[in-house]
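Colleague: Please take a close look at a single part of this structure, the protein surface near the DNA. I would like one connected account rather than a list.

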There are 2 protein chains.
Amino acid sequence: MIDHNIEECSTACFHPELTAQVKAAMPGEPLQEELARLFKVLGDQTRIRILNALYRSELCVCDLTSILGMNQSAVSHQLRVLRDAKIVRSRKQGKNVLYSLDDSHISDLIRLGSEHVQEEKG
Amino acid sequence: MIDHNIEECSTACFHPELTAQVKAAMPGEPLQEELARLFKVLGDQTRIRILNALYRSELCVCDLTSILGMNQSAVSHQLRVLRDAKIVRSRKQGKNVLYSLDDSHISDLIRLGSEHVQEEKG
DNA sequence: TCATCATATGAACAATTACTCATATGATAA
DNA sequence: TTATCATATGAGTAATTGTTCATATGATGA
């Protein structure tokens with residue numbers, strides 16, 4: 001849904017050849033859309049806390065409820081978001097459902113992001 | 001604003017020692033909050049497209065306007081979000097303002113995220 | 001079977017957000 | 001100075017989202 005009614009800068013403002021080069025080198029829209037969706041899922045404190053917990057151990061919903069200090073419904077809703085994004089995986093064990101991280105990339109992303117955040121503070 | 005009225009599971013449901021261990025090993029809340037904020041900023045397709053463009057070259061707002069096919073106001077608003085998050089940097093050159101990535105961690109994050117997304121497709 | 005427990009989910013609501021429109025700012029050129 | 005151009009920004013709005021409440025599902029044990 002890209003609007004092509006661009007108000008092009010009058011003359012010397014923009015750099016046509018550079019712009020064309022960059023435009024040609026850009027990743028495809030579907031990839032960028034999925035990438036944004038991935039980051040959006042990571043962009044919530046509750047979900048980050050869930051992932052930081054699951055990074056340390058496989059846990060059932062009830063454990064997470066206790067660790068996060070949130071009610072079960074809220075936790076389950078966020079777990080669904082993470083499951084849909086294939087960031088966490090679940091398996092049943094009796095009455096419980098155990099969750100764990102689905103993908104090593106995710107912990108790498110969290111590690112890298114944490115480094116950035118920590119360095120920025122200094 | 002953590003609610004401590006947790007409905008603790010009756011008995012054998014949750015694993016107290018494990019839960020305590022994980023709780024103790026969790027990163028501090030401020031770090032997790034900032035991390036979530038960082039990912040939230042990355043979690044928008046327009047901003048991802050801006051970053052993918054700036055990854056390839058320093059560009060003025062007008063260039064970005066052309067590359068993204070969006071109007072100047074929308075681009076400037078998103079650039080502000082990125083500037084506030086210290087993800088991009090700007091410098092004046094005549095009437096133009098040139099933007100570039102502020103931090104190498106960001107391109108690493110985008111690279112890593114892209115890998116994840118691409119592998120997931122297969 | 002029925003009761004209970006852990007988890008999942010739909011609806012509703014408040015808060016946030018990305019875009020548009022209009023206008024302001026600040027630099028250059030005449 | 002005044003006009004013009006590139007960019008920034010405030011207000012308004014539609015869409016999205018995180019939480020809560022109530023309820024459903026599905027497994028276990030009696």
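**The surface near the DNA**

Modeller: By class, the surface near DNA strand C is made up of 9 nonpolar, 12 polar and 8 charged residues. This is a predicted model, and every distance below is computed from its atoms. DNA strand C has 29 residues around it, and the closest of these are A:Q72, A:S73, A:Y99, B:T46 and B:S73. Of the atoms of DNA strand C that come within 4 Å of the protein, 67% belong to sugar and phosphate.

Individual contacts from chain A reach base, sugar and backbone atoms in turn. An N or O atom in the side chain of A:S73 is 2.7 Å from a base oxygen of DNA strand C. A:N96 places a polar side-chain atom 2.7 Å from a sugar or linking oxygen of that strand. At A:V97 a polar backbone atom takes part, 3.3 Å from a phosphate oxygen of DNA strand C. The elements that contribute two or more residues here are α4 (61-68), α5 and β3 (96-101) of chain A, along with α3 and α5 of chain B. Among these, α5(A) gives the most, with 6 residues.

Turning to the other strand, 28 residues lie around DNA strand D, and those that come nearest are A:S73, B:Q72, B:S73, B:N96 and B:Y99. Sugar and phosphate make up 64% of the atoms of DNA strand D within 4 Å of the protein. On the chain A side, an N or O atom in the side chain of A:T46 is 2.8 Å from a phosphate oxygen of DNA strand D. On the chain B side, a polar side-chain atom of B:H77 lies 2.8 Å from a base oxygen of the strand, and B:V97 has a backbone N or O atom 3.4 Å from a phosphate oxygen.

At least two residues each of the surface near DNA strand D come from α3 (45-56) and α5 (72-84) of chain A, and from α4 (61-68), α5 (72-84) and β3 (96-101) of chain B. The largest share is that of α5(B), with 6 residues. Sorted by class, the surface near DNA strand D holds 9 nonpolar, 11 polar and 8 charged residues.

The relation between the two chains is next. A turn of 180° with a shift of 0.0 Å along the axis lays chain B on chain A, with an RMSD of 0.0 Å. This is how a two-fold axis relates its copies. The copies use the same surface, and 100% of the contact residues of chain B recur in chain A.

That leaves the charged pairs within the protein. Over all chains, 12 salt bridges are found. One of them joins the side chains of A:R37 and A:E33, at 3.5 Å from N to O. These two residues are 4 apart in helix α2 (residues 29-42) of chain A, about one turn of the helix. A:R37 is partly exposed at 48% relative accessible area, and A:E33 is partly exposed at 38%.

Another salt bridge joins B:R91 and B:E58, at 2.8 Å from N to O. B:R91 belongs to strand β2 (residues 88-93) and B:E58 to the loop between α3 (45-56) and β1 (59-60) of chain B, so this pair ties together parts 33 residues apart in sequence. B:R91 is partly exposed, at 41%, as is B:E58, at 30%.

Key:
Residues are numbered from 1 along each chain as its sequence is written. Chains are lettered from A and ligands numbered from 1 in the order in which they are written. This is a predicted model: local features need pLDDT of at least 70, side-chain atom pairs count only at pLDDT 80 or more; totals for chains, interfaces and linings use all residues. Side-chain values use heavy atoms; hydrogens and water are left out. A salt bridge is a side-chain nitrogen of Lys or Arg within 4 Å of a carboxyl oxygen of Asp or Glu. Buried means under 20% relative accessible area, exposed over 50%, partly exposed in between (1.4 Å probe, protein chains only). A residue is near a molecule or strand if one of its heavy atoms lies within 4 Å of it. A polar contact is a pair of N or O atoms within 3.5 Å; within protein, one must be able to donate a hydrogen and the other to accept it, and residues adjacent in sequence count only if both atoms are side-chain atoms. Ala, Val, Leu, Ile, Met, Phe, Trp, Tyr, Cys and Pro count as nonpolar, Asp, Glu, Lys and Arg as charged, and the others, Gly among them, as polar. Copies are superposed by least squares on the C-alpha atoms of residues with pLDDT of at least 70 in both. Contact means heavy atoms within 4.5 Å.
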